[in-house]
Amino acid sequence: MLAGVPRCIFSNFAGYKKAIEIANSPNIGVCFCVGSWLEGGTAVTGADPVEVIKYFASKKKLFKVHFRNVSAPLPHFTEALIDDGYYDMSKVMQALVDESNNLSVMTLEPGLEQLLHNVLQQTNFNSSFAEEEMTGCNN
């Protein structure tokens, strides 16, 4: 609580799902920071990052992804290079590729746009998302 106001709605997967349900708007979605999610660990957040991506992407509510990794969950963590953290970020990338048809509003961090585009090309992904949507990212 902060000044008598509960602050726990955005602390876990169930809270995020409930908030999006309450908002019930096509203009409200999730800016998902993988690193911040990993800081909490599944014990706190209640879900693996891939599960979160797949759920919100399937509902077209995944608007932005911060592609970050950390050394460990709370209480002791530091930001890590993508391949030096405790989580296998290739799983996150695979989830983004798997859900790419559902990411029509997604904005990617600088650098991730090109990386995802390259992965989509290497997997022979044929979609308007790969060519049309990716060109508008980060504008």
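**Is Phe56 buried or exposed****?**

Phe56 counts as buried, at 1% relative accessibility. Here, buried means under 20% relative accessible area, exposed means over 50%, and partly exposed lies in between (1.4 Å probe, protein chains only).

Before going on, a word on the model. It is predicted, so local features need pLDDT of at least 70 and side-chain atom pairs count only at pLDDT 80 or more, while totals for chains, interfaces and linings use all residues. Residues are numbered from 1 along each chain as its sequence is written, and side-chain values use heavy atoms, with hydrogens and water left out.

**Exercise 1. Find the ring partner of Phe56 in helix α1, and describe the pair**.

Step 1. Rings of Phe, Tyr and Trp (its six-membered ring) pair if their centres lie within 6.5 Å; planes under 30 degrees apart count as stacked, over 60 as edge-to-face and the rest as tilted. The structure holds five aromatic pairs.

Step 2. One of them joins Phe13 and Phe56, with 5.9 Å centre to centre and 90 degrees between the planes, which is edge-to-face.

Step 3. This pair links distant parts of the chain: Phe13 belongs to helix α1 (residues 13-23) and Phe56 to helix α3 (residues 49-58), 43 residues apart. Helices (H or I, at least four residues) and strands (E, at least two) are DSSP runs, numbered from the N terminus.

Step 4. Phe13 is buried too, with a relative accessible area of 5%. Ring pairs also bring in Tyr55, giving a cluster of Phe13, Tyr55 and Phe56.

Step 5. Look next at Lys17, which lies over the face of Tyr55 at 5.0 Å from the ring centre. The rule for a charge over a ring asks that NZ of Lys or CZ of Arg be within 6 Å of the ring centre and within 35 degrees of the ring normal.

**Exercise 2. Work out which residues have the most contacts inside the largest nonpolar core**.

Step 1. A nonpolar core is a set of buried Ala, Val, Leu, Ile, Met, Phe, Trp, Tyr and Cys residues joined through side-chain atoms within 4.5 Å.

Step 2. The largest one has 27 residues, and Phe32, Leu62, Val92 and Leu96 have the most contacts inside it. Helix α4 (89-98) is among the elements that give two or more residues, and its six residues are the largest share.

Step 3. Leu62 lies in strand β2 and is buried, at 1% relative accessibility. Between Leu62 and Phe32 there are 7.2 Å in space, C-alpha to C-alpha, and 30 residues in sequence.

Step 4. Beyond neighbours within four places in sequence, the contacts of Phe32 (heavy atoms within 4.5 Å) include Trp37, Val52, Ile53 and Leu62.

**Exercise 3. Explain why Cys31 and Cys33 are not bonded to each other**.

Step 1. A disulfide is a covalent bond between the sulfur atoms of two cysteines. The test used here is a pair of cysteine sulfur atoms within 2.5 Å.

Step 2. The sulfur of Cys33 is 7.3 Å from that of Cys31, its closest cysteine sulfur, and therefore too far for a bond. The count of disulfides comes to zero.

Step 3. Compare their surroundings: Cys31 is partly exposed at 42% relative accessibility, while Cys33 is buried, with a relative accessible area of 13%.

**Exercise 4. Locate the cis peptide bond that leads to Pro75**.

Step 1. The bond runs from Leu74 to Pro75, with omega near 15 degrees.

Step 2. Pro75 sits in the loop between β3 (69-70) and β4 (79-80).
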